[in-house]
Amino acid sequence: MSRDPIDRAGLAPRYWERKRLDEMTRAEWEALCDGCGKCCLNKLEDADTGEVVLTRVACRLFDDTTCRCGQYEIRHQFVPECIVLTPETIPDHLYWLPGTCAYRLLYEGRPLYDWHPLISGDPTSVHEAGVSVRDRTVPEFAVDEDDWEDHVIEEPR
């Protein structure tokens with residue numbers, strides 16, 4: 001197993017099954033992230049239907065190898081529009097969160113997948129399950145915004 005970039009040490013076993021999202025500590029909240037990288041992908045929204053699709057065009061701060069933000073703690077200095085997901089803001093962002101996202105799953109009362117690092121104990125399980133976008137993105141500065149629709153990816157709901 002490789003080193004987990006998210007500190008999951010010392011968390012109560014299966015805490016997410018006993019706590020509501022708004023009862024979690026910051027460490028518990030952060031540990032819900034599975035490391036798929038999909039939230040860092042640029043999205044396209046159909047103005048008529050409201051349908052949102054993911055593209056493989058990643059935020060300029062996204063590290064395609066680790067599936068992490070290269071400047072997570074100070075990302076708003078570089079990307080002011082980056083979303084801060086909290087228990088209070090989930091309802092506003094549910095429409096674009098991937099169907100595999102732990103925050104979405106728990107908000108909807110569904111269980112985490114077996115490949116989630118909190119279940120598997122392995123931070124690479126999300127990549128091994130083929131759920132992450134590791135090594136499958138292009139940086140936003142390399143693709144003209146008018147061409148993003150050429151990079152839409154199919155995402156299960």
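**Exercise 1.** Is D135 buried or exposed in this predicted model, and what is its relative accessible area?

*Solution.* The starting point is the model itself, which is predicted. The first step is to place the residue, and D135 sits in the loop that runs between α6 (125-128) and β5. The second step is to take its relative accessible area, which is 56%. Because the exposed class begins over 50%, D135 is classed as exposed. A backbone feature can be added to this description, since the phi angle of D135 is near 60°, a positive value in a residue other than glycine.

**Exercise 2.** Determine where R14 lies, what its phi angle is, and to which accessibility class R14 belongs.

*Solution.* Begin with the location: R14 belongs to the segment that comes before α1 (26-31). Turning to the backbone, phi of R14 is near 50°, which is a positive value in a residue other than glycine. For the last part, the relative accessible area of R14 is 39%, and R14 is therefore partly exposed.

**Exercise 3.** Describe the salt bridge between R60 and E140, and explain which parts of the chain the pair ties together.

*Solution.* First, the contact: a salt bridge joins the side chains of R60 and E140, with an N to O distance of 2.5 Å. Next, the location of each partner: R60 is in the loop between β2 (52-58) and β3 (62-63), whereas E140 is in the loop between β5 and β6, so the pair ties together parts that are 80 residues apart in sequence. Finally, the accessibility of each partner is taken in turn: R60 is partly exposed at a relative accessible area of 40%, while E140, at 16%, is buried.

**Exercise 4.** State how many salt bridges are counted, and work through the pairs R20 with E23 and E108 with R104.

*Solution.* The count comes to eight salt bridges. In one of them, R20 is paired with E23, and the closest N and O atoms are 3.3 Å apart. Of these two partners, R20 is exposed with a relative accessible area of 52%, and E23 is partly exposed at 38%. For the other pair, the side chains of E108 and R104 meet at 3.1 Å, N to O. Here E108 counts as partly exposed at 34% relative accessibility, whereas R104 counts as buried at 13%. As a last step, one can look for shared partners, and salt bridges that have partners in common join R20, D22 and E23 into one network.

**Exercise 5.** Identify the residues of the negative surface patch, and then characterise D147 and H151.

*Solution.* The patch is formed by D144, E145, D146, D147, E149 and D150. Within this group, D147 lies in the loop between β5 (138-139) and β6 (152-153), and its relative accessibility of 36% makes D147 partly exposed. H151 is likewise found in the loop between β5 and β6, but at 17% relative accessibility H151 counts as buried. Leaving aside residues up to four places away in sequence, the contacts of H151 are L54, T55, R56, V57, V138 and V143.

**Exercise 6.** Place G109, and compare its separation from E17 in sequence and in space.

*Solution.* G109 is in the loop between α4 (102-107) and α5 (117-120), where it counts as exposed at 67% relative accessibility. Along the sequence G109 and E17 are 92 residues apart, and in space they are 9.5 Å apart from C-alpha to C-alpha.

How values were computed
Residues are numbered from 1 along each chain as its sequence is written. This is a predicted model: local features need pLDDT of at least 70, side-chain atom pairs count only at pLDDT 80 or more; totals for chains, interfaces and linings use all residues. Side-chain values use heavy atoms; hydrogens and water are left out. Patches are made of residues with over 30% relative accessible area and no salt bridge: like charges are joined within 9 Å, nonpolar side chains (Val, Leu, Ile, Met, Phe, Trp, Tyr) within 5 Å. Accessible areas come from the Shrake-Rupley method with a 1.4 Å probe; for residues, only the protein chains shown count as cover. A salt bridge is a side-chain nitrogen of Lys or Arg within 4 Å of a carboxyl oxygen of Asp or Glu. Lys and Arg count as positive and Asp and Glu as negative; His and the chain ends are not counted. The place of a charge is taken as NZ of Lys, CZ of Arg, CG of Asp or CD of Glu. Helices (H or I, at least four residues) and strands (E, at least two) are DSSP runs, numbered from the N terminus. Buried means under 20% relative accessible area, exposed over 50%, partly exposed in between (1.4 Å probe, protein chains only). Contact means heavy atoms within 4.5 Å.
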